[in-house]
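Got the viewer open? Set the chain to cartoon and keep the selection box handy; we'll go stop by stop.

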Amino acid sequence: MSNDILSRLTDTLTQRKNQPQENSYVASLHQLGLNKILEKVGEESIETILAARDAEITGDTGQLISETADLWFHSMVMLSHLGTDADAVLAELERRFDSSGLTEKAQRHQNK
């Protein structure tokens with residue numbers, strides 16, 4: 001799997017944030033602010049959950065893939081709005097890769 005699409009999308013999101021275009025959906029989200037972006041992330045999260053439940057019943061994952069792409073996209077807009085990007089998330093996943101998920105989760109709770 002290639003990270004090229006994530007890099008290209010990150011570049012586009014940064015461009016739309018820094019040089020808004022009148023007909024840009026991403027620029028409009030940035031102009032509306034974080035609360036609107038979070039609303040979209042929440043909406044896409046729910047739609048992804050519902051698509052996953054449907055996929056379990058029907059065996060068709062097409063809608064699940066589409067909704068997950070929407071969720072990832074809006075999550076990346078959120079990251080961009082807050083001055084970070086997918087590379088930071090990938091680095092965190094890489095850091096966690098050889099760790100036990102249960103151990104990592106327990107450590108997060110200890111650090112709170």
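Start with the whole protein chain in cartoon: it has six helices and zero strands, where helices (H or I, at least four residues) and strands (E, at least two) are DSSP runs numbered from the N terminus. Reading from the N terminus, the order is α-α-α-α-α-α. The C-alpha trace spans about 45 × 40 × 30 Å along its principal axes.

A word on what you're looking at: this is a predicted model, in which local features need pLDDT of at least 70 and side-chain atom pairs count only at pLDDT 80 or more, while totals for chains, interfaces and linings use all residues. Residues are numbered from 1 along each chain as its sequence is written, and side-chain values use heavy atoms, with hydrogens and water left out.

**Stop one: α3 against α4**

Select 34–58 for α3 and 62–81 for α4. Their axes come within 8 Å and cross at roughly 160° (axes are lines fitted to C-alpha atoms, for helices over the stretch in contact, and angles run from 0 to 180 degrees between N-to-C directions). The pair is therefore roughly antiparallel, the label for angles over 145 degrees. The crossing is left-handed, meaning the near helix is turned anticlockwise from the far one by less than a right angle.

Now show side chains. On the α3 side, the residues in contact (heavy atoms within 4.5 Å) include Leu-34, Ile-37, Leu-38 and Val-41; across from them, α4 brings in, among others, Leu-64, Leu-71, Val-77 and Met-78. By class, this contact has 11 nonpolar, seven polar and five charged residues (Ala, Val, Leu, Ile, Met, Phe, Trp, Tyr, Cys and Pro are nonpolar, Asp, Glu, Lys and Arg charged, and the others, Gly among them, polar).

**Stop two: α2 against α4**

Keep α4 and add 25–32, which is α2: these axes come within 11 Å and cross at roughly 50°. α2 and α4 are therefore oblique to each other, and their crossing is right-handed. Pick Tyr-25, Val-26, Leu-29 and His-30 in α2, which meet Phe-73, His-74, Val-77, Ser-80 and His-81 in α4. This contact has five nonpolar, four polar and no charged residues.

**Last stop: the cavity**

How many cavities of 30 Å³ or more are there? The count is one, with a volume of about 40 Å³. (On a 1 Å grid over the protein atoms alone, a cavity is a set of points where a 1.4 Å probe fits but cannot get out, and lining residues have an atom within 4 Å of a point; points are joined across faces, edges and corners, and the volume is the space filled by probe spheres set on them.) Select Thr-10, Leu-13, Thr-14, Met-76, Ser-80, Thr-84, Asp-85 and Ala-86 to see the lining. α1 gives the most, with three residues.

How values were computed
On a 1 Å grid over the protein atoms alone, a cavity is a set of points where a 1.4 Å probe fits but cannot get out, and a pocket is an open set with protein on both sides within 12 Å along at least five of seven lines; lining residues have an atom within 4 Å of a point. Angles under 35 degrees count as roughly parallel, over 145 as roughly antiparallel, 65 to 115 as roughly perpendicular and the rest as oblique.
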